[in-house]
Amino acid sequence: MSRARPVVPGEIVLITRRAHRRRFSFIPEKKVRQIFGYALAVAAEKHGVLLHGITVMSNHYHAVVTDVHGVLPDFLRDFHKEVTRALNAHRGEWGGLWGSEQTSVVRLLSGDAVLDAMVYTLINPVEAGLVESYRDWPGLHSSPASCARAPVTFARPEKYFDARGGRPDEVQLTITVPAQFSHLSPSAFADLLTRRVAEAEADLRRRFAAEGRRFLGLDKVRRTQRHSQPTSWEKRRGINPTLACRDTEARCLQLAADKLWQDAYSAALTGWRQGDREVIFPAHTWKMARLHGAHTAPPLSARAA
C-alpha cells in the first residue's frame with residue numbers, strides 16, 4: 001500500500017517514474033517521443049499543470065512541474081495511462097508498462113532546490129554514462145532555453161489516439177519559468193540554467209575521465225532491446241526522499257510538519273476504519289476526500305482568513 005501524502009496547490013515537484021522491471025520500454029525512437037510529448041501536453045493542459053523540464057530516459061522519466069490546482073494525482077493518472085495505452089497500441093501489446101512502486105514525487109521547497117532538480121533532470125543521460133551532453137540525447141527532453149522558445153508541437157499519434165474521441169490533431173508542449181524565478185525574464189533564466197547545466201556536464205566528463213570510464217554512445221543506445229533491462233545491481237529499500245531544500249533548518253521544519261500530517265492522517269484513518277464518518281482528515285488529504293467523501297480540515301491560509 002502506497003503512503004499517503006498531502007497534495008498542495010501551487011507546489012513545484014520533481015517527478016520520477018520507472019518502467020516495469022526497469023526494462024528499456026522507452027528507448028528513444030521517434031514514435032516514443034511523439035507519444036510521450038502528446039500525452040504530456042494533453043494531460044498538462046487538461047489539469048492546468050505547468051511543465052518546467054522533462055527528460056525521458058530508456059526506462060524512466062524525470063519531470064519538474066508546478067501543480068497549480070492541487071490535482072497532481074489526476075495529472076499523473078491520465079499521463080501514465082495514455083502513455084501505456086498508446087505504446088501498447090503502437091506495439092500490438094497488452095499489459096502494464098510502469099513499475100509497481102509509487103511514483104516518486106519530491107517537493108522542491110526553495111529556488112535552489114528547483115534549479116538543482118532541473119539540472120538533474122536535463123543531465124540525466126550524461127550522468128547515466130550514455131552521452132556526453134544532454135543535447136545528444138535522442139529521447140524526448142527539454143533544454144535550458146526551452147522556456148524562452150516557442151512551444152513544441154506534437155501531432156496526434158496514430159492507432160490509440162482517435163480524433164473521434166475529441167483528441168486534437170496537434171498539441172503544444174510549453175515549458176515555463178518556475179515561480180521562484182519569476183523575477184527573471186525567460187531568456188535570463190535560460191542563461192542561468194544553461195550555465196548550471198554546462199558546469200554539471202563538465203564535472204561529469206572530468207569524473208568519467210579520471211575513472212577511466214567511457215560514454216556508451218548513440219549507436220549502442222539505439223541498439224538497445226526494449227525487453228532487456230540493466231544488468232547493474234540496484235540498491236533497494238533505501239531512503240526515498242519526499243522533499244528537497246538546501247537550507248537544513250527549513251528542511252527539518254518541513255519534515256517535522258510532514259510527520260505531524262502523517263500522524264493526523266493515521267489517526268483519522270483509524271477512526272474512519274472504525275466507522276466514524278465524521279472524522280476530520282488533515283488539510284490537503286487527497287484520496288480519502290476525493291474518492292470517499294471524507295471531511296478535511298481547511299488549509300492554514302483559509303483558517304487565517
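This short talk goes through the sheet, the nonpolar cores, one helix and two buried polar residues of a predicted model.

Let me begin with the sheet, which is open and is formed by five strands in the order S2-S3-S1-S4-S7, with mixed pairing. At its edges are strand S2, residues 50-56, and strand S7, residues 243-244, each of which pairs on one side only. Further in, strand S1, residues 11-18, pairs with strand S4, residues 104-108, in the antiparallel sense, and four bridges join the two. If you want a place to look on the screen, threonine 16 stands opposite serine 104 in S4.

Now to the nonpolar residues. As a general point, nonpolar side chains in soluble globular proteins tend to be buried together. In this model the largest nonpolar core has 62 residues, and those with the most contacts inside it are Phe26, Phe36, Tyr61, Phe75 and Leu108. Which helix gives the largest share of this core? That is helix H1, residues 30-47, from which nine of the core residues come. Taking phenylalanine 75 by itself, and not counting residues up to four places away in sequence, we find that Phe75 touches Ile15, Leu40, Ala43, Ala44, His47 and Val49. There is also a second, separate core of 10 residues, among them Ala268, Leu269, Trp272 and Val279.

Helix H3, residues 111-122, is worth a moment for its geometry: its 12 residues reach 17 Å from the first C-alpha to the last, which is close to the 16 Å expected at 1.5 Å a residue. The buried residues in H3 are Ala113, Val114, Leu115, Ala117, Met118, Val119, Thr121 and Leu122.

I will finish with two polar side chains, and for each I ask where the residue sits and what surrounds it. Aspartate 74 lies in helix H2, residues 72-91, and is aspartate 74 buried or exposed? It counts as buried, because its relative accessibility is 7%, which falls under the 20% cut-off. Leaving aside neighbours within four places in sequence, aspartate 74 is in contact with His47, Trp286 and Arg290, and His47 is also one of the residues that Phe75 touches.

Glutamine 262, in turn, is placed in helix H7, residues 248-273, and it is likewise buried, with a relative accessible area of 13%. Which residues does glutamine 262 touch, if those up to four places away in sequence are not counted? They are Arg3, Ala4 and Arg5.

Technical notes. Residues are numbered from 1 along each chain as its sequence is written. This is a predicted model: local features need pLDDT of at least 70, side-chain atom pairs count only at pLDDT 80 or more; totals for chains, interfaces and linings use all residues. Side-chain values use heavy atoms; hydrogens and water are left out. A nonpolar core is a set of buried Ala, Val, Leu, Ile, Met, Phe, Trp, Tyr and Cys residues joined through side-chain atoms within 4.5 Å. Buried means under 20% relative accessible area, exposed over 50%, partly exposed in between (1.4 Å probe, protein chains only). Contact means heavy atoms within 4.5 Å. The expected span of a helix is 1.5 Å times one less than its number of residues. Two strands pair if DSSP finds at least two bridges between them.
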